[in-house]
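Work through the exercises below with the sequence and the model open side by side. Each task is followed by a solution in steps.

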Amino acid sequence: MTSPILQVEDLKKYYPIRGGVIARKVADVKAVNGVSFDLYPGETLGLVGESGCGKSTLGRTLMRLEEPTGGRVLFEGKDLAHAKGKELFDLRAEIQMIFQDPYSSLNPRLPVRDIVIEPLEVHKMGTASERLDKVVALCRRVGLKEEVIGRYPHEFSGGQRQRVGIARALALEPKVIVADEPVSALDVSVQAQVINLMVELQKELGLTYIFISHDLSVVEYISDSIAIMYLGRIVETGKKETIFSNPTHPYTRALISSVPNPDPRKRRVQVAIEGETPSPVNPPSGCAFHPRCPFAVEACKKDVPALESFTQTDDPRHNVACIRKDEIEPHFKN
């Protein structure tokens, strides 16, 4: 079996809350609270969850844009979470990011040529003429004409700006790209164009994606496997076919039930969840989802459920963090 290109082990990212005259730490915001998963070469992992669940923070922590509080991130066996100096510099070329807002992520004072060429200059790749040739080639590859390299971000539409962001992410020929809600700020028709572009680039270049989104229809289209995140933890993982045909965790079931199903032969059991997501400063005891879960019992309030293999499906990657996972009826009925 192919080895994972990226292994995340018990990753944590806490933000201290300080108070008082001497600004002493009084609490932590547990944005990412013990996340583990494997990412395989050439695949797309869709990371899904409500706003505020920590999925964007997870993406930024993987990139070392945020320093992890604990845990490991192994890229081809090398610990990215604790790398320093030249090792970190070299590893950063292997993992790049596409940001959510295609306007604020681009320097408004630089033309496209300088935006895309900057990572090549930082990593000292090629001569000046070779770098310029590569910028032109990258722009063409993402669907932009050569003459745009002298234009500034404010002169483009949202979709065009995101294409510039994709070109910049591809400049160093990375193996892994973390895409943080890359189409959420775009019109629906433009979303389809950008998603199809990402799929084509993946096939052409053998890229591996972590695709962060709250739009399940987009995630279903582009992903090979899916991880569902709630309040800083992953509560279910599996192949996309498994997650959409047999969601098991109550939170996953609620998310899937909100997506219209065009197949009249499958009737979705509607799972309603009430209330707001609890604060990551003071998460509930036991299973963090239990205050909103229609299947919760007293035991759910005591112990944090581990993310364990779910043997009732044929998917070897299907893992669920729920003590009642074996008791809940199938999500779909014929």
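Two strands count as paired if DSSP finds at least two bridges between them. The model is a predicted one.

**Exercise 1. The four-stranded sheet**

Task: Find the order of the strands in the four-stranded open sheet, and state which strands stand at its edges.

Solution.
Step 1. The order is β2-β1-β4-β5, and the pairing is antiparallel.
Step 2. The edges are taken by β2 (24–39) and β5 (78–79); each has a single partner strand, so one side of each is left without a neighbour in the sheet.
Step 3. For the register of one pair, take β1 (residues 6–19) and β2, which are joined by 12 bridges in the antiparallel sense. Within this pair, Q7 stands opposite D38 of β2.
Step 4. Now add the helix: α1 (residues 55–62) lies across β1, β2 and β4 (70–75), and runs at about 110° to β1.

**Exercise 2. A residue of helix α1**

Task: Is L58 buried or exposed, and which residues does L58 touch?

Solution.
Step 1. L58 is found in helix α1.
Step 2. The relative accessible area of L58 is 0%. The cut-off for buried is under 20%, so L58 is buried.
Step 3. Leaving out residues up to four places away in sequence, L58 touches L11, V32, V35, F37, L47 and M229.
Step 4. Compare sequence and space for one pair: L58 and K12 are 46 residues apart in sequence, while their C-alpha atoms are 8.5 Å apart.

**Exercise 3. The eight-stranded sheet**

Task: Write down the strand order of the eight-stranded open sheet and identify the edge strands.

Solution.
Step 1. The order reads β6-β7-β8-β3-β9-β10-β13-β12, and the pairing is mixed.
Step 2. The edge strands are β6 (95–98) and β12 (308–309), each of which pairs on one side only.
Step 3. Look at the parallel pairs around β8. Strand β3 (residues 44–48) runs parallel to β8 and is joined to it by five bridges; T44 stands opposite Y209. Strand β7 (residues 176–180) also runs parallel to β8, again with five bridges, and here I177 stands opposite Y209.
Step 4. Trace the connection from β7 to β8: the chain passes through helix α6 (residues 188–205), and this β-α-β crossover is right-handed. Helix α6 lies across β3, β6, β7 and β8, at about 160° to β8.
Step 5. Turn to the antiparallel pairs. Six bridges join β9 to β10, with Y230 opposite R233. These two strands form a hairpin with two residues between them, and L231 in the turn has a positive phi of about 50°.
Step 6. Continue towards the β12 edge. β10 and β13 run antiparallel with two bridges, and T237 stands opposite N319. β12 and β13 (residues 319–320) run antiparallel as well, with two bridges; the bridge partner of S309 is N319.
Step 7. Place the second helix: α9 (residues 250–257) lies across β3, β9 (225–230) and β10 (233–239), at about 110° to β9.

**Exercise 4. Burial along β8**

Task: How many residues of β8 are buried, and which way do their side chains point?

Solution.
Step 1. Strand β8 covers residues 208–213, and six of the six are buried, so it is largely enclosed by the rest of the structure.
Step 2. In a regular strand the side chains alternate between the two faces of the sheet.
Step 3. Accordingly, T208, I210 and I212 point one way, and Y209, F211 and S213 the other.
Step 4. As a further case, five of the seven residues of β10 are buried.

**Exercise 5. Helix α3**

Task: Which residues of α3 are buried, and against what do they pack?

Solution.
Step 1. In α3 (residues 112–122) the buried residues are V112, I115, V116, I117, P119 and L120.
Step 2. They pack against α4 (128–141) and α5 (158–170).
Step 3. Just after α3, K124 takes a positive phi of about 55°.

**Exercise 6. The whole chain**

Task: What radius of gyration does the protein have, and what would a compact globule have?

Solution.
Step 1. With 334 residues, a compact globule would have a radius of gyration near 20 Å.
Step 2. The protein has 21 Å, which agrees.
Step 3. The C-alpha trace spans about 65 × 60 × 40 Å along its principal axes, and 50% of the residues count as buried.

Technical notes. Residues numbered from 1 in each chain as written. Predicted model: local features only at pLDDT ≥ 70, side-chain atom pairs only at ≥ 80, totals over all residues. Heavy atoms only, no water. Contact = heavy atoms within 4.5 Å. Axes fitted to C-alpha atoms, helices over the stretch in contact; angles between N-to-C directions. Rg over C-alpha atoms; globule rule 2.2 N^0.38 Å. Buried < 20%, exposed > 50% of the residue type's maximum accessible area, 1.4 Å probe, protein only. Right-handed = clockwise from strand over helix to strand, strands pointing away.
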